[in-house]
Amino acid sequence: MKSLTPTARSLKASNDSNELGEFGYEQQLHRNLGRFASFAAGFSFVSILTTIFQLFGLGFGFGGPAFFWTWIVVFLGQYLVALCFAELAARYPLSGAIYQWSRRMGGEVLGWFGGWFMILAQTVTAAAAAIAMQVVLPNIWTGFQIIGEDPTLTSPSGAANAVLLGSILLVITTTINCLGVKWMSWVTTTGVVCEIIGVIAVIGVLFAHAQRGPQVVFDTGLPGEQPGYVWAWIASGLMAAYVMVGFGSAGELSEETRNPRRVAPKTIRMALTVSALGGGLMIIGALMAAPSLTDGRLATEGLPYVLDTVLNSPWGTILLVDVAIAVLICTLAIQTAASRLMFSMARDGRLPMSKQLAHVNRRTGTPILPSILIGLACVVVLLVNVGNDAIFATLTSVCIILIYLAYLLVTGPLLYRRIKGWNTRDGATDAEGYPLFSLGRFGFAVNLAAVIYGSVMVVNLAWPRVEVYNPSGDMPLMQWAGPLSVAIVVGAGLLAFPWGRVHPNPVTVPRTVPIPADFTKSSASAS
């Protein structure tokens with residue numbers, strides 16, 4: 001298919017801006033993202049090369065090789081959520097997607113808390129991604145261990161060096177964000193290409209060095225401390241739950257995407273599906289290629305243990321460089337999504353210093369102050385690891401709970417709207433004249449299943465497991481960090497909520513924007 005002519009592109013951009021105006025917003029951000037860049041935003045947030053590299057041992061340690069099946073279960077559950085998000089992305093192509101979707105389905109209070117949960121969660125998640133540089137860079141070159149000699153993340157020198165490397169990374173990602181979405185898009189898409197190549201290479205190497213067949217995924221291993229294997233298997237699902245989040249980032253960047261009504265619904269689903277496929281093959285490959293399933297190293301060292309045994313040094317170093325690139329684009333994607341969410345809430349006057357936070361630089365088309373504040377907040381979170389790495393690990397676990405709660409604040413009100421008769425088969429079209437994505441008659445069943453799944457996962461994530469929240473056994477109260485932290489975040493949110501402040505842009509039902517006839521003709525001729 002040929003690219004659009006300049007006239008067609010201009011008409012399409014104008015139509016996107018007009019549609020944004022229907023929601024009461026002015027086009028301030030620059031629309032420079034195409035389909036692959038939109039996909040890259042979601043894929044790089046999930047970043048399987050980073051997260052499976054970090055978290056493989058968590059799943060295996062709980063459930064043995066059969067923990068693989070939790071990957072399938074979580075993917076199916078999250079895909080139900082992604083389908084709901086895709087419908088909303090087609091109808092509400094706005095920055096700060098979780099906040100905007102939640103408020104338009106459930107009202108201002110629920111919308112605000114959806115945004116509140118996501119901003120906090122994304123800040124901690126970005127810090128957790130940045131700290132992974134300590135696991136990677138010193139193994140590439142010992143010169144990256146600038147502070148002390150012990151690179152172990154839990155050691156005093158390793159923790160301090162992790163903050164230094166993570167802070168440098170956050171300065172880089174903040175700078176890229178401030179330069180504009182075009183720079184962010186270029187870095188992210190280049191990084192995603194490198195990550196996809198790396199994932200394919202890892203899968204190929206693991207399968208080429210297989211020591212056992214794929215039937216290993218039916219091996220339950222040792223159930224550990226849990227009362228029976230089922231409970232251990234349920235706990236092992238935390239690994240997949242930690243990884244498969246952030247696929248909705250394409251929605252966060254809707255106001256910077258060309259024809260977002262058509263692009264975002266596709267790329268949300270594609271980012272999750274490609275991540276799940278690649279991640280699943282990596283897990284199977286690691287289980288097949290592991291030198292031993294019983295020596296305890298697979299649970300404690302995870303995927304790096306397997307790769308160290310099957311890769312020669314030069315290839316291992318190249319892979320680590322690829323992982324470092326994945327960490328960079330993962331941190332960048334999370335920070336970008338968080339800054340757009342903060343901008344969207346500030347534009348509605350929902351945050352302190354809203355006027356300043358909602359300011360968009362005319363040259364770069366970027367809300368610079370939110371990017372800087374998110375970067376600084378991430379560095380503050382990183383500092384926690386120096387004082388207590390267990391608390392830092394607990395924070396990262398709690399932030400995943402907040403993400404799932406924020407998702408529930410979208411799918412729950414959406415289900416209520418469906419019960420009240422909300423219809424997505426309304427004949428609305430995107431900028432190219434195609435019908436908007438809709439679940440049709442399957443909408444209620446899919447939505448209900450998404451809410452049930454999300455509720456079960458919140459309980460699973462917050463369950464007071466000693467192995468997750470207090471592995472050292474030194475802080476018994478930390479075992480209840482999940483529910484306690486959620487209560488604290490909700491309480492703080494109630495204090496921070498802009499009570500009594502009238503929303504400047506109350507929710508209205510947008511009209512379907514007619515597409516100019518000359519645009520349709522230009523698009524057809526350019527295709």
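**Figure 1. Helix α5 in the predicted model.** Buried here means under 20% relative accessible area. The model is predicted. Helix α5 is mostly covered, with nine of its ten residues buried. These are Ala97, Ile98, Tyr99, Gln100, Trp101, Ser102, Arg103, Arg104 and Met105. The buried residues of α5 pack against six helices, named here in order: α4, α6, α11, α12 (260-289), α15 (313-347) and α18. Glycine 107 follows α5. Phi of glycine 107 is positive, near 100°.

**Figure 2. Histidine 503 and its contacts.** Histidine 503 sits in the loop between α21 (481-496) and α22 (517-526). Buried or exposed? Histidine 503 counts as buried, because its relative accessibility is 10% and the cut-off for buried is under 20%. Its side chain makes a polar contact with the side chain of tyrosine 99, at 3.3 Å. Tyr99 is one of the buried residues of α5. Beyond four places in sequence, histidine 503 is in contact with Tyr99, Arg103, Glu108, Asp348 and Arg350. Arg103 is likewise among the buried residues of α5.

**Figure 3. The largest cavity.** The model holds four cavities of 30 Å³ or more. Rolling a probe the size of a water molecule over the atoms shows where empty space is left. The largest cavity encloses about 70 Å³. Its lining has 13 residues. Nearest its centre lie Ile98, Met118, Gly248, Ser249 and Glu252. Ile98 is also listed among the buried residues of α5. Which helices supply at least two lining residues each? They are α5 (97-106), α6 (108-131) and α11 (249-252). Helix α5 gives the largest share, three residues. By class, the lining of the largest cavity has eight nonpolar, four polar and one charged residues.

**Figure 4. The second largest cavity.** This cavity encloses about 40 Å³. Its lining is made of Gln78, Val81, Tyr404, Tyr407, Leu408, Thr411, Ala450, Tyr453 and Gly454. At least two lining residues come from each of α4 (68-91), α18 (389-419) and α19 (443-462). Helix α18 contributes the most, with four. An α-helix has 3.6 residues a turn, so residues three or four places apart point the same way. The lining of the second largest cavity divides into six nonpolar, three polar and no charged residues. Helices α4 and α18 also appear among the partners of the buried residues of α5.

**Figure 5. Two loop residues with positive phi.** Serine 47 is not a glycine, yet its phi is positive, about 45°. Serine 47 lies in the loop between α2 (35-46) and α3 (48-63). With a relative accessible area of 0%, serine 47 is buried. Asparagine 259 is another residue other than glycine with positive phi, near 50°. Asparagine 259 lies in the loop between α11 and α12. At 3% relative accessibility, asparagine 259 counts as buried.

**Figure 6. Confidence along the chain.** Mean pLDDT for the protein chain is 89. Of its residues, 91% reach 70 or more. Where does pLDDT stay under 50? One stretch is residues 1-11, for which the model has 16 contacts beyond four places in sequence. Another is residues 509-527, with 34 such contacts. Where pLDDT is low, the predicted coordinates should not be read in detail.

Notes
Residues numbered from 1 in each chain as written. Predicted model: local features only at pLDDT ≥ 70, side-chain atom pairs only at ≥ 80, totals over all residues. Heavy atoms only, no water. 1 Å grid on protein atoms, 1.4 Å probe; cavity = no way out; pocket = protein on both sides within 12 Å on 5 of 7 lines; lining within 4 Å. Points joined across faces, edges and corners; volume = space filled by probe spheres on them. Nonpolar A, V, L, I, M, F, W, Y, C, P; charged D, E, K, R; others polar. pLDDT = per-residue confidence, 0-100. Contact = heavy atoms within 4.5 Å. Buried < 20%, exposed > 50% of the residue type's maximum accessible area, 1.4 Å probe, protein only. Polar contact = N/O pair within 3.5 Å; in protein donor to acceptor, adjacent residues only side chain to side chain.
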